[in-house]
Amino acid sequence: MLTVLAPETLLVVTALVVLGLGVSVPKARSLITIATLLGGFLAAAALFVFPADGNFLHGMVVLDPLARIFKLVILGLGLVAVVFASDSFPETHFAESLALILFSTVGMMLLAGTEDLLMIFIALELTSIPLYILAAFAKESRSSAEAGLKYFLIGSVSAAFLLYGLSLIYGVAGSTNLPAISRLSGAPDPLLIAGIVLTLAGFAFKVAAVPFHLWAPDVYEGAPTAAAALIASGSKAAGIFILAKILTAGLGHWGGSAGWGQFLPGWAPALALMAAASVVLGNITALVQSNVKRLLAYSAISHGGYLLIGLSSAGTESLTAVLFYVVIYALTTAGAFGVVAIVEKQRGGSRLDDFDGLANSSPVLALCLLVFLISLAGIPPLAGFFGKFYLFTAALENPSLLWLVALAIAMNAVSLYYYLIVLKHAFVLPAPDAICSAGSPASRTLVVALALSVLALGLAPDLLLAPLVKQNTKHSALQMRTLQVSLSPSLLLPP
Amino acid sequence: MSTDYLLITIFLAIAIIFPLIPLAMAWGWARLFSPAKPGKDKQSAYECGIESTGPAQIQFQSHYYLYALVFLVFDVETVFLMPFAAAFLKLPFSAFLALMAFLLLLVEGLVWAWAKGILAWK
């Protein structure tokens with residue numbers, strides 16, 4: 001039992017040690033960062049050293065290979081935020097910011113390894129509360145305070161929605177355990193439908209899907225960039241993972257259908273509507289943004305929409321595709337925020353003008369930005385292309401979803417425009433006079449590593465896809481389809 | 001079933017009317033026999049606390065919230081220590097260790113707050 005939670009325990013202990021270092025040697029910031037990373041690597045090692053898969057405390061803690069993959073990804077994203085923190089968090093209370101990142105990461109990891117509604121809610125709160133603090137961490141900055149307050153107020157209201165929804169599901173099913181809930185069958189109780197809708201609303205906040213997206217642009221813009229990176233990557237990956245788990249493992253019977261002309265009530269049509277709204281609104285609104293962090297926020301909203309399309313298709317393969325895509329999206333967006341953090345430190349802002357002439361002043365950084373944004377837009381040979389391609393073809397397992405997929409592909413074409421605007425500022429426009437190189441060597445190296453991993457996952461998606469496919473199909477009775485079959489309709493190539 | 005609720009309704013009505021009668025009588029008595037003569041001494045808060053000075057809507061220091069948070073550390077501690085102490089003799093040694101770990105966490109919270117200078121009144 002203890003070994004199952006060993007990674008989380010190690011992270012908590014690391015966070016406590018880091019807090020202690022923060023009050024004993026507050027000036028030694030690199031020492032604090034190294035201690036944090038060391039704890040993180042120990043936790044990652046613990047994920048592999050103790051391979052005790054199983055179900056503990058009646059489903060409160062569940063460890064399987066899929067959860068382990070996600071725990072590893074989330075831990076990695078948390079450590080990415082730790083490295084970027086040295087460039088974007090204020091120097092006072094630096095150790096506290098790292099400890100909070102670790103606490104939030106623990107919450108996300110617990111979220112990935114549970115099958116119990118109560119534990120899901122507690123883990124979600126453990127994820128969110130440090131994130132609220134992190135968003136408001138730059139105390140001198142008004143926009144950071146605004147970001148923290150907005151995130152906190154909207155987040156706590158959505159947590160209330162979620163808790164009410166989960167309590168209604170518990171009321172109908174008589175159990176907080178997801179497999180036990182899935183044994184409930186027959187026509188859905190109206191109370192259960194209300195519970196499902198409220199739960200969806202709570203999670204839609206987490207993944208910033210329209211109409212629960214209003215916090216995202218302000219929070220991404222105002223929060224310290226490392227905090228925004230964690231909110232955009234780790235928190236989103238964990239949220240999508242647990243939402244997929246609740247919907248498939250717990251509420252699988254009440255999916256309904258979002259197909260054109262085949263509408264059936266359930267969570268799928270609700271997700272499909274939110275997905276359509278997110279894809280349209282996110283991409284169109286991103287066109288007029290002048291701040292890159294805000295632009296990334298709207299891009300995050302639209303990517304939340306793409307992910308919800310995969311979930312609303314409710315097939316085994318589309319579930320794999322969603323999990324694959326969310327990992328790729330998280331890596332890419334974390335890298336993009338890393339570039340923004342360095343540019344922000346260099347030029348003092350993250351407006352589009354601040355990216356002028358980036359290719360001259362720091363060519364490697366500009367090249368990494370190119371990789372991340374082109375991957376987000378979905379252009380081969382980068383990971384984002386394959387992720388989107390797989391996601392959309394897998395969603396078409398259910399051919400009546402063509403309307404949604406066609407809409408997403410059309411909007412994806414729109415997205416290329418605003419990503420290219422950023423790149424135009426970085427590569428075409430002339431640089432301003434005063435340029436000084438900035439950003440710690442660690443975060444520069446990490447940005448390059450992330451760009452390389454995005455490229456690698458684009459060239460060899462099997463690295464991540466093979467374990468995901470293996471684990472996902474092992475869980476279901478459905479036969480694994482080979483990729484060749486689903487990749488055949490070549491007319492669906494995203495732009 | 002319905003008679004039960006009827007009884008409750010009657011009780012409720014009586015419970016509302018009963019205190020209203022003396023209140024109405026007192027009000028009527030005051031209206032009839034005691035003229036209103038407000039004055040400085042009459043309006044004063046005689047034996048009811050200190051005279052207030054200045055407006056009530058002013059800004060005040062909110063440093064208290066930090067003390068409230070640190071207080072919470074001990075508050076939560078007590079809530080968990082009470083049942084532990086009550087069942088202390090029946091618990092295995094591992095429970096003792098678990099609780100000591102819990103106490104250490106809280107102590108670190110306090111030490112951290114102390115080292116950060118939160119306990120010094122500004």
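Helices (H or I, at least four residues) and strands (E, at least two) are taken as DSSP runs numbered from the N terminus. The model is predicted, so local features need pLDDT of at least 70 and side-chain atom pairs count only at pLDDT 80 or more, while totals for chains, interfaces and linings use all residues. Residues are numbered from 1 along each chain as its sequence is written, and chains are lettered from A in the order in which they are written.

Chain B contains four helices and zero strands, in the order α-α-α-α from the N terminus. Its radius of gyration is 29 Å, against near 14 Å for a compact globule of 122 residues (taken over C-alpha atoms; the globule rule is 2.2 Å times the number of residues to the power 0.38). The C-alpha trace of chain B spans about 75 × 60 × 20 Å along its principal axes. Of the 122 residues in chain B, 0% are buried (20 or more other C-beta atoms within 10 Å of the residue's own, with C-beta atoms placed from the backbone).

The largest nonpolar core (buried Ala, Val, Leu, Ile, Met, Phe, Trp, Tyr and Cys residues joined through C-beta atoms within 7 Å) holds 189 residues, of which Val322(A) and Leu369(A) touch the most other members. Helix H14 (residues 316-347) of chain A gives the most to this core, with 20 residues. Contacts of Leu369(A) (C-beta atoms, placed from the backbone, within 7 Å) include Ala336(A), Val339(A), Leu358(A) and Ala426(A), not counting residues up to four places away in sequence.

How values were computed. Buried ≥ 20, exposed ≤ 12 C-beta atoms within 10 Å, placed from the backbone. Contact = placed C-beta atoms within 7 Å.
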